[in-house]
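Visitor: I have a new structure on my screen and would like to learn how to read it. Can we go through it feature by feature?

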Amino acid sequence: MIIRELKPEDNKDLAIVIRRTLEEFKVDKPGTVYFDESTDHLSDIFTVNNSAYFVVELNGEVMGGAGFYPTEGLPDDTVELVKMYLSSGIRRKGVGQILLEKCMLTARNLGVEKMYIETMKELTFAISMYEKNGFYHLSKPIGSTGHTGCDVWMTKNIT
């Protein structure tokens, strides 16, 4: 398994992983990244300061990824953990934990102090992982993600 930075040629495969995952958990609904046109060209997005996206590759196949981004409306010291999705074949094997740690470490090394997450209650395993890593629940969203389909909001100080 290789974890590496996102390349433009990963866009199509990542979009497939993201949408299949949302379909699998029956959360392929409006207000989620399922319908977000940026899902089809992620490499164009992660070019701004305080952003990064990491791809998981296994035997030459893109199996998922995760990143962080300085979402509009978030405090200057905060980034959002975004588009963390894994193919079913590599879930529950510690890969999500590795990606989360890589995102937090990279963001911290860029001087970021807090990480914010928006997700959905149906993604219980992911929520549990976030909680185990010290993320705590918020009563409402912060920032302007545009993902109105999310109903769980969490944050953590990563310094």
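Visitor: Among contacts in the chain between residues at least 6 apart in sequence, what percentage join residues at least 24 apart?

Guide: The answer is 63%. Keep in mind that this is a predicted model.

Visitor: What are the elements, and how are they ordered?

Guide: Count first, then read the order. The chain has 4 helices and 7 strands. Starting at the N terminus, the order is β-α-α-β-β-β-α-β-α-β-β.

Visitor: How does the radius of gyration of the chain agree with that of a compact globule?

Guide: Compare the value with the one expected for the chain length. A compact globule of 159 residues would have a radius of gyration near 15 Å, and the chain has 14 Å, so the two agree. The spans of the C-alpha trace along the principal axes are about 35 × 35 × 30 Å.

Visitor: What share of the residues is buried?

Guide: Buried means under 20% relative accessible area. In the chain, 51% of the 159 residues are buried. Look at the surface too. The chain exposes about 8,100 Å², and 49% of that comes from carbon and sulfur atoms.

Visitor: How many charged side chains does the chain have, and how far apart are the centres of the two sets?

Guide: Count each sign, then compare the centres. There are 18 positive and 23 negative side chains. The centres of the two sets lie 6 Å apart.

Visitor: Now a strand. How many residues of strand 2 are buried?

Guide: Start with the general idea: side chains in a regular strand alternate between the two faces of the sheet. Now the case here. Strand 2 covers residues 52-58, and 6 of its 7 residues are buried.

Visitor: Which strands are joined to strand 2 by bridges?

Guide: Look for bridges, then for direction. Strand 1, residues 2-5, is joined to strand 2 by 4 bridges, and the two run antiparallel. One pair to find is Arg4 with its bridge partner Val55 in strand 2. Strand 3, residues 61-69, is joined to strand 2 by 7 bridges, again antiparallel. There, Glu57 has Val62 of strand 3 as its bridge partner.

Visitor: What should I check in the hairpin of strand 2 and strand 3?

Guide: Check the turn and its backbone angles. This hairpin has 2 residues between the strands. Asn59 takes a positive phi near 55 degrees.

Visitor: On to the loops. Is Thr71 buried or exposed?

Guide: Find its place, then its accessibility, then its contacts. Thr71 sits in the loop between strand 3 and strand 4 (78-86). Thr71 is buried, because its relative accessible area is 8%, under the 20% cut-off. Beyond four places in sequence, Thr71 touches Glu80, Ser144 and Thr145.

Visitor: Where is Ser38, and what does Ser38 touch?

Guide: Take the loop between helix 1 (11-24) and helix 2 (42-45); Ser38 is there. With a relative accessibility of 11%, Ser38 counts as buried. Leaving out residues up to four places away in sequence, Ser38 touches Ile45 and Lys83.

Visitor: And Thr32: which residues are in contact with Thr32?

Guide: Thr32 also lies in the loop between helix 1 and helix 2. Thr32 counts as buried, at 4% relative accessibility. Setting aside neighbours within four places in sequence, Thr32 is in contact with Leu22, Val27, Met120, His147 and Gly149.

Visitor: How far is Thr32 from Asn157?

Guide: Compare sequence separation with distance in space. Thr32 and Asn157 are 125 residues apart along the chain, and their C-alpha atoms are separated by 25 Å.

Technical notes. Residues are numbered from 1 along each chain as its sequence is written. This is a predicted model: local features need pLDDT of at least 70, side-chain atom pairs count only at pLDDT 80 or more; totals for chains, interfaces and linings use all residues. Side-chain values use heavy atoms; hydrogens and water are left out. The radius of gyration is taken over C-alpha atoms; the globule rule is 2.2 Å times the number of residues to the power 0.38. Buried means under 20% relative accessible area, exposed over 50%, partly exposed in between (1.4 Å probe, protein chains only). Contact means heavy atoms within 4.5 Å. Accessible areas come from the Shrake-Rupley method with a 1.4 Å probe; for residues, only the protein chains shown count as cover. Lys and Arg count as positive and Asp and Glu as negative; His and the chain ends are not counted. The place of a charge is taken as NZ of Lys, CZ of Arg, CG of Asp or CD of Glu. Two strands pair if DSSP finds at least two bridges between them.
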